[in-house]
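The following exercises ask you to read helices and surface features from a structure, one step at a time. Try each task before turning to its solution.

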Amino acid sequence: MILAITLTAIVGLLLLGTPLIIAMAGGVALYATLGGSWMMQYPQQVTDGMSSFVLLAMPLFILAGVVMNAGGIAERVFAFARSLFGSLPGGLAQVNVSTSLFFGGMVGTSVADLAGTGSTIIPQMRKHGYPGSYAAAVTASSSGIGPLIPPSSPMILYAAATGTSLGALFLAGIIPGLILTAVLMVVVAVQAKRNGWGEKLPFSWAEVWRTMRGSILAFGVPVLVVLGLVLGLFTPTESGAFAVVYAIVISSLLMRSLGMRKLYRCLVEAAVLTGEVMLIVGVSVALGAVLAMAGLPKALTDFATMIVPGDVQMGYVVVLAITAILAGMLFDPLIPVIMPVMLPTMLAVGIDPVHFGVIIVLTVIIGQVTPPVAMSLVVAAKIAKVDAWGVLRANTPFLLATIAVLALVIVFPPLATWLPSVLGGP
């Protein structure tokens, strides 16, 4: 009964627009008050939740992404993607998706990808005849590619919550990320031909070479991370430090687009973003402890056992994935909140944590374009200056495509596990 009241209060606060951190902290305080538990244990759990060593990579990659954003990297990446894919059916919409693949691999979060590329691409798409709601929808859904391509902030949160190798998780997301890119590009091509949107841009090898020379340094961050992990040169946390130095050097010294004033603003922005994420991580640990005391993880395991026929591991994976999608409609970020609940079930039935890490990141991507929160859709709608409900309708084909990729990864685990096993992610 107390658990039901607590969860209802949290969901109610979120639906009223209360910040996630306040809603979760309020839920913890309410449960402690109604249940008569010792209140002082929860601040200690919040502190412990933020002390995981793997989380040290989070502020480093956040800072690297912010620096890349401020350094004008998005425009160079956009120009390169346009020269490569602008001649495909859908023109700039294809460039939108491919830019998210390139740029998302540098910043590692959907919202950062939106901020970096949306303001550049959405006006260009509208200028070439695409409806504003469609341009926003393409941008919102394609920004979900970033969390699958290393470095990835959701992967870092998952590694901290489950103890899974971050290096293996980084490698595991590459193939699903490429598949999601290809599927979204196919959807764009079909819609462009059906509706006559946009125009094909002429292809020129000279333009490809010119834009590649201008943007090649920008691709150093994902290459640095992946090669460093594969060759065993440094840990994921160390790769974050290298990424920061690399981003500052190429932005300030080589591209000369980042002065001291901009760098200071980057440091402030990264500190604020890190503080927000780390507080949510810490409070989510306390909330997870509350849910564990209330027996929710055991209830989830019992429920999954009841509806899954026999000992079918894939059935458990499907139940957990659906649960994560439903939770992702409310919680952003999702992983620190949901994994303390799901982890006991995942371990009890022997689900591969690397495989499930990719699945949970895909559910995060789906949650970011699904009401009532739909953070990516809201941000894209603001950039495009259109109604969010129109963006939601335009996004339906892309949402279904993303769900199809999730189903594919669930049915074929090697799509996530093969690359880490071959390259030996640490």
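**Exercise 1. Describe the backbone just after α1, then work out the length and the sidedness of this helix.**

Solution. The structure is a predicted model, and in it Gly17, which comes just after α1, takes a positive phi of about 90°.

Step 1: the length. Helix α1 covers residues 2-15, and its 14 residues should span 20 Å at 1.5 Å a residue, which agrees with the 20 Å that separates its end C-alpha atoms.

Step 2: the buried residues. Leu3, Thr6, Ile10 and Leu14 of α1 are buried, and because they cover an arc of only 70° around the axis, they are on the same side of α1. The general rule behind such a pattern is that an α-helix has 3.6 residues a turn, so residues three or four places apart point the same way.

Step 3: the two sides. Thr8 and Leu15 are exposed on the other side of α1, while the buried residues of α1 pack against α2 (20-35), α15 and α16.

**Exercise 2. Carry out the analysis for α16: what span does the helix reach, which residues are buried, and what do they pack against?**

Solution. Step 1: the length. Helix α16, residues 296-307, has 12 residues and reaches 17 Å from its first C-alpha to its last, close to the expected 16 Å.

Step 2: the buried residues. Taking buried to mean under 20% relative accessible area, one finds Pro297, Leu300, Thr301 and Ala304 buried in α16. They are on the same side of α16 because the arc they cover around the axis is only 100°.

Step 3: the two sides. The buried residues of α16 pack against α15 (260-293), α17 (313-328) and α18 (335-348), whereas the face turned away from the buried side carries the exposed residues Lys298 and Met306.

**Exercise 3. Locate the nonpolar surface patch and say which helix gives the most to it.**

Solution. Step 1: the members. Val312, Met314, Val318, Ile322, Leu326, Leu408, Val411 and Phe412 make a nonpolar surface patch of about 660 Å².

Step 2: the elements. At least two residues of the nonpolar patch come from each of α17 and α22 (396-411), and α17 gives the most, with four residues.

Step 3: the loop residue. Phe412 lies in the loop between α22 and α23 (414-423). Its relative accessible area is 48%, and since exposed requires over 50%, Phe412 counts as partly exposed.

Notes
Residues numbered from 1 in each chain as written. Predicted model: local features only at pLDDT ≥ 70, side-chain atom pairs only at ≥ 80, totals over all residues. Heavy atoms only, no water. Expected span 1.5 Å × (residues − 1). Buried < 20%, exposed > 50% of the residue type's maximum accessible area, 1.4 Å probe, protein only. Arc of directions from axis to C-beta. Contact = heavy atoms within 4.5 Å. Patch = residues over 30% accessible without salt bridge, like charges linked within 9 Å, V, L, I, M, F, W, Y side chains within 5 Å. Areas by Shrake-Rupley, 256 points an atom, 1.4 Å probe, with all protein chains shown as cover. Salt bridge = Lys/Arg side-chain N within 4 Å of Asp/Glu carboxyl O.
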